[in-house]
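This report covers selected local features of one protein model. Please keep the sequence and the coordinates at hand while reading.

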Amino acid sequence: MCASCIRAASVRSVLTVRLCALLLLLCSLGLCSELRVRVRLADGLVTDEVLEADSERDAISVEFKLGDGTLVTFVADFKQEVKIFRSLILGELERGQNQYQALCFISRLNRNEIIPSESMARLRQKNPHAIRLAEERRGLEQLTMSASVNLSRAWQLSSHIHNMCSEAREAIYTREADVKHWLDKGVDGSVFEVLPHTTEAPHFQACHATKDMWQPCLCTYSLRLEWYPCLLKYCRNRDNTGKGSTYKCGIKSCSKGYHFTYYVPQKQLCLWDEET
């Protein structure tokens, strides 16, 4: 077996152990309502997506693995109105990287982005072998992440950040507009650190155009949630007197992409963003 195959297998094993530990933790908190869905990714591959709902903590998580081994996790914290994206990306050991690289992106959760946690907890899989495609493909959201988040103080934003982003300690990013919103709500300024901004430092190149591996640059990272329950469907019926009423009769599924741009102190931390 080739060295790269052995490395990939060992990293997948590590990620599997971490995922099992996370699931055990969730079950210990009373969160065992799990929905598994087979989803077709943009590259044509099929992945098993795991959706978890925690009605008690009012949160939802979506987790799946990409064809290159990247583990993507999304958490919607309705209580704090915060959403968290985390990617565990397989590293290139022959280029001096660790076994995997962790990234976390944090922003405000808007209304109607995803169904409520109590509704998610009631979902059941009718046909576990079906391969799902989203009914609505929502537009790509461009996010410039101009600040980093201090992990030790991130509990002020959401209690989920520490568990989600502990391995991305130096790579937890958020937006300037969200920072202003949270500061206005009373979050301490020590939670955030402003990163060099594109307008203030126009000499920073995009990482894909930077030749020097140790040069600071602007990295881009894209991910897509290919299938998630974004809206509840309502149906109408009438009783014997002709009086009408509505009831929940299903969900609408959506797909949405996110494109993050952020500063890195060296291109070595952004090897996927290279010219082909």
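The sections below deal with a buried strand and its partners, one helix, and the disulfides.

## Basis

The structure is a predicted model.

## Strand β4 and its surroundings

Strand β4 spans residues 71-77, and 7 of its 7 residues are buried, so the strand is largely enclosed by the rest of the structure. In a regular strand the side chains alternate between the two faces of the sheet. In β4, L71, T73, V75 and D77 point one way, while V72, F74 and A76 point the other way. Both sets are buried. A buried residue has under 20% relative accessible area, and D77 is among the residues of β4 that meet this cut-off.

## Pairing of β3, β4 and β5

Strand β4 pairs with β3 (residues 59-65) in the antiparallel sense, through 7 bridges. Strand β5 (residues 82-90) is also joined to β4 by 7 bridges, again antiparallel. A76 appears in both pairings: its bridge partner in the β3 pairing is I60, and its partner in β5 is K83.

Both connections are hairpins. Between β3 and β4 there are 5 residues, and G69 in that turn has a positive phi of about 95°. Between β4 and β5 there are 4 residues, and here E81 in the turn has a positive phi, of about 55°.

## Helix α4

Which residues of helix α4 are buried? In this helix, residues 176-184, they are D178, V179 and W182. They cover an arc of only 105° around the axis, which puts them on the same side of α4. An α-helix has 3.6 residues a turn, so residues three or four places apart point the same way. The face turned away from the buried side carries the exposed residues A177 and D184.

The cover over the buried residues of α4 includes β5 and β6 (100-108), together with β10 (147-149), β11 (172-174) and β12 (192-194). Strand β5 is thus part of this cover and also a hairpin partner of β4. After α4 comes G186, with a positive phi near 105°.

## Disulfides

The whole structure contains 4 disulfides; three of them are described here. C104 and C165 have their sulfur atoms 2.1 Å apart. The torsion about their S-S bond is about -95°, so this disulfide is left-handed. The pair links distant parts of the chain, with C104 in strand β6 and C165 in helix α3 (residues 161-165), 61 residues apart. C104 has a relative accessibility of 0% and therefore counts as buried. C165 is buried too, with a relative accessible area of 0%.

The disulfide between C207 and C217 has an S to S distance of 2.0 Å. Its torsion is about 90°, so it is right-handed. C207 sits in the loop between β12 and β13 (217-238) and C217 in strand β13, 10 residues apart. Both cysteines are buried. In the pair C230 and C254, the sulfur atoms are 2.0 Å apart. The torsion about that S-S bond is about 60°, so this disulfide is right-handed. C230 lies in strand β13 and C254 in strand β14 (residues 244-264), so the bond ties together parts that are 24 residues apart in sequence. C230 counts as buried at 1% relative accessibility, and C254 does so at 0%.

Definitions and conventions
Residues are numbered from 1 along each chain as its sequence is written. This is a predicted model: local features need pLDDT of at least 70, side-chain atom pairs count only at pLDDT 80 or more; totals for chains, interfaces and linings use all residues. Side-chain values use heavy atoms; hydrogens and water are left out. Buried means under 20% relative accessible area, exposed over 50%, partly exposed in between (1.4 Å probe, protein chains only). Helices (H or I, at least four residues) and strands (E, at least two) are DSSP runs, numbered from the N terminus. Two strands pair if DSSP finds at least two bridges between them. The arc is that of the directions from the helix axis to the C-beta atoms. Contact means heavy atoms within 4.5 Å. A disulfide is a pair of cysteine sulfur atoms within 2.5 Å.
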